[in-house]
Every structure is written in structure tokens, then in C-alpha cells.
Amino acid sequence: MASVKSDFLNVVQSRGFVHQVSDLEGLDALAAKGEIVAYVGYDCTAASLHVGHLLSIMMLHWLQHTGNKPITLMGGGTTRVGDPSGRDESRKLLSIEQIDANKESIKTTFAKFLRFGEGKADAVMADNAEWLTKLNYIEMLREVGRHFSINRMLSMDSVKLRLDREQELSFIEFNYMILQSYDYVELARRYGCNLQMGGSDQWGNIVNGIDLGRRMGTHQLYALTCPLLATASGAKMGKTAAGAVWLNADMLSPYDYWQFWRNAEDADVERFLKLFTLLPLDEIKRLASLGGAEINEAKKILATEATALMHGREAALAASETARRTFEEGAIAGDLPTVDIPRAELDQGIGVLTAFVKAGLVASNGEARRQIKSGGLRVNDAPVTDEKMTLGASLLTAEGVIKLSMGRKRHVLLKPV
């Protein structure tokens, strides 16, 4: 990519955030003057964002750090429709009450990465329900819909891929790109927004917004997308056998979050340090040059720094210490993830397959069986060899728990209540 003058584009370019830019020279000139007002939209489809959202949150962080203004747009309106981008099937439509509850739960994440307030570069949180829910359908068709070509909409990846696979695309989802484009125009008018950022799968939607702004008389708008991350082995970033890597502590413990980063593949360490920590690039280069077993030290630093950003330095250091004690001393650390089970259930005996599924270490009984055959599951550090094994009160340790382990790095305590 061409050389840039602004701190913002220098940072995001050198750290690997940039996939596509609509007008690099124009955006660079705005950024150099600290005049970018950029937004990223987040639909409220769950009570927490996940690691996949972190890339764009970090972009907003660096945007503010270099003197520009970030906007986090909550999709209180668009969540009622559902974004078809990158999906083979329609999203389940949530109730308005569920969307509002999810929205409130998600909001807390942003304050950990951004400074909100009334200042020039202070972050703003907006909600597209504020304008989308007030739209009159006929007025919307006349004022906004007339600027959209069905031919062009059908050529967009979010639509085309679904149709090519002969998967149903509902009319409500087909409208999503119109609503997202209109969001951009509204934010331009209300806040002077001039940049929309997002994952590379959003490029078509963002460019549509730029075009709609031009047709509806806004100032010049820009697009910047980041790559959709996969791990070095090609796996989707942020997914594990147990499910999504959530950002909220009540949906994934700080310890499990720390472990997710600690388990990064060797080939991903440098890239993840650049994207998901605030460490200087010189220090990252030094860590990336470590070879052999020393790469594990770099992974621990990645885990601790990423966890400190999300859950605070104290929680990150506690997770690091718990991991050290568990692996190096074989201790049962009290702050390992804990799953409560009724004492009566334990007294009757719980099947080992059921126990590992309940603990979230495996997704199904079938996966538990496969892990047992390969020697991957342990109870109180003893390998499980019999899939019909029953866990009862006799297995409780001196600490009053049963320790379940998958591999060397994932542990959960079963605790009777």
C-alpha cells in the first residue's frame, strides 16, 4: 500500500488492519488534520460481542488514540431485520425486548477500549433504532429506495452468494443493505461522520452508503475495511469446540479468555500481538523472533495483554498465575472456571460424557468419546479410559471439587451445590 502521512493510517496499516480503502489519499488528508469521524455498526444478536468483533473495536481505539472521533452504532433497528452478509440462512428474528436486553449488555464492552464524552475526539454511542423505527415506508421508498438498483443489489456478495447456493433470502433481509446505507447518511448528517469501517464482507454495503450519501447531498464519505480473520491453519477466528469466544466475563471467564489467546498457533503470534494488544511494534518484533519453546513466553504475553485490555490487568495476571499453578504445580487453583451441579445429581452419579458436555469442554457426547479414545480427557488428572465411567461424590478432592481436563490447557471444576 502507498505511503501515508497521517498517524491513524500509519498505525492501522503497519499493524495489519487494512484490507480495502475507498480513497486513500482523501482519507489520509482528513486523518492528518484529526478530522475523521468514523463509525462501526454492531447488531444486537447476542448478549455479548465475540472475538471476531475485536478487530473493528481496536480500529476505533487507534482512531481515537490518533486524535479522531469514533462512533459505536448499536443496531437496535437493523437487528430487527438481520444482516445476510456471509450467511447461508436467515438469522432468527429476536423480540424487541431481547434486542434491547442484548444492547444494554453489549454497551459495557466499548468503555474498555474507548473514551466517551463531549470532547472533539470523545467517542459517541448511537442507536439506529432512533431513526429507523420512525421511518414511513412510502416516504422511505421515495426518498431512499429510488436510489437503489435491484440489478446492482443482486450483484452484491451478501445477496449473490446466498442465491448461488439456492438458499432462501427473505425480503426483509434484502432490505438490510438499504438500511445500512441510510444509517451512514443519518450519521453523516447528525454527527459529521465521514468514514465507515467494518469487516471485508461489509465492503459492498459500505460503498452503497457512500453512493447514497452522494445522491442525497452529504459531504464526501469514505470506506475502510479490515480482513476477516482466520487462524494460520484456516480455522475461523474466535470459534472453539465449546462455541464462540465471548467478550463478556459472564459468558466466558477471564481465565478461559486468557487460555484462548495462550493457545494461539505459533504462526499467528506476531499478527495477533499487532492486532489485539497495544504493545509497541519493536517489542512485538522481538517477541516474534523467539524460537522453539520460547515462543510460549510470547504467547503468554499475548494472552495477558489481550486479557488486560478486555478484563483489566488484575484479572489478566490472576489468569496467568492460575495457568502457571495448574500446569507447573498440578494444583487445583480456586479461580479455574467452575460449573455448579446439584449435590443430589452427584450422589446419584453423573456419566463422564455428560459431565464433560456440561462443563463446556466438549460440544457433544460423540466428541467426548473421540477425545477419550485419543487420551484427551482426564478426571482429577487421571486419564479417562472408560466412556461409561460415572462421577460420584467419592471423586471430590480435598477442595470439594472434581477437576475435569481436556488436553493440557483446558480445565473446569465441577462443584456440588
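**Exercise 1. In which helix is Lys299 found, and what surrounds the residue?**

Solution. The model treated here is predicted, so local features need pLDDT of at least 70, side-chain atom pairs count only at pLDDT 80 or more, and totals for chains, interfaces and linings use all residues. Residues are numbered from 1 along each chain as its sequence is written, and side-chain values use heavy atoms, with hydrogens and water left out.

Step 1. Lys299 lies in helix H15, which covers residues 295–311; helices (H or I, at least four residues) and strands (E, at least two) are DSSP runs numbered from the N terminus.

Step 2. With a relative accessibility of 6%, Lys299 counts as buried, where buried means under 20% relative accessible area, exposed means over 50%, and partly exposed lies in between (1.4 Å probe, protein chains only).

Step 3. When neighbours within four places in sequence are left aside, Lys299 is in contact with Trp261, Arg262, Ala264, Glu265, Asp266 and Val269, a contact being heavy atoms within 4.5 Å.

**Exercise 2. Describe the overall dimensions, surface and charge of the protein.**

Solution. Step 1. The radius of gyration of the protein is 24 Å, which agrees with the value near 22 Å that a compact globule of 417 residues would have; the radius is taken over C-alpha atoms, and the globule rule is 2.2 Å times the number of residues to the power 0.38. Along the principal axes, the C-alpha atoms fill a box of roughly 75 × 50 × 40 Å.

Step 2. The secondary structure consists of 19 helices and 15 strands, and 50% of the 417 residues count as buried. Among the contacts with a separation of 6 or more, 73% are made by residues 24 or more positions apart.

Step 3. The accessible surface comes to about 19100 Å², of which 50% belongs to carbon and sulfur atoms; such areas come from the Shrake-Rupley method with a 1.4 Å probe, and for residues only the protein chains shown count as cover.

Step 4. There are 48 positive and 51 negative side chains, and the centres of the two sets lie 1 Å apart. For this count Lys and Arg are positive and Asp and Glu negative, while His and the chain ends are not counted; the place of a charge is taken as NZ of Lys, CZ of Arg, CG of Asp or CD of Glu.

**Exercise 3. What is the strand order of the open five-strand sheet, and how is S14 placed in the sheet?**

Solution. Step 1. The order is S9-S15-S14-S11-S12, with mixed pairing; two strands pair if DSSP finds at least two bridges between them. Strand S9 (338–341) and strand S12 (382–383) stand at the edges with a single partner strand each, so one side of each is left without a neighbour in the sheet.

Step 2. Strand S14 (residues 402–406) pairs with strand S11 (residues 377–379) in the antiparallel sense over three bridges, in which Arg378 has Ser405 as its bridge partner and Val379 has Leu404.

Step 3. S14 is also joined by five bridges to strand S15 (residues 410–416), again in an antiparallel run, and here Lys403 stands opposite Leu413. The hairpin of S14 and S15 has three residues between the strands, and in this hairpin Gly407 takes a positive phi near 65°.

Step 4. Five of the five residues of S14 are buried: Ile402, Leu404 and Met406 on one side, and Lys403 and Ser405 on the other, so that both faces are covered.

Step 5. Leu404 is also touched by Ala355, whose other contacts beyond four places in sequence are Ile350, Leu391 and Leu414. Ala355 has its place in helix H18 (residues 352–358) and counts as buried at 1% relative accessibility.

**Exercise 4. Which strands form the edges of the open six-strand sheet, and where does Tyr42 lie?**

Solution. Step 1. The six strands have the order S1-S6-S5-S2-S3-S4, with mixed pairing, and the edge strands are S1 (20–21) and S4 (124–127), each of which pairs on one side only.

Step 2. S1 pairs with strand S6 (residues 222–226) in the antiparallel sense over two bridges, with Val21 standing opposite Leu224.

Step 3. Tyr42 belongs to strand S2 (residues 37–43) and counts as buried at 2% relative accessibility. Its contacts beyond four places in sequence include Leu49, His53, Ile57, Leu73 and Phe110.
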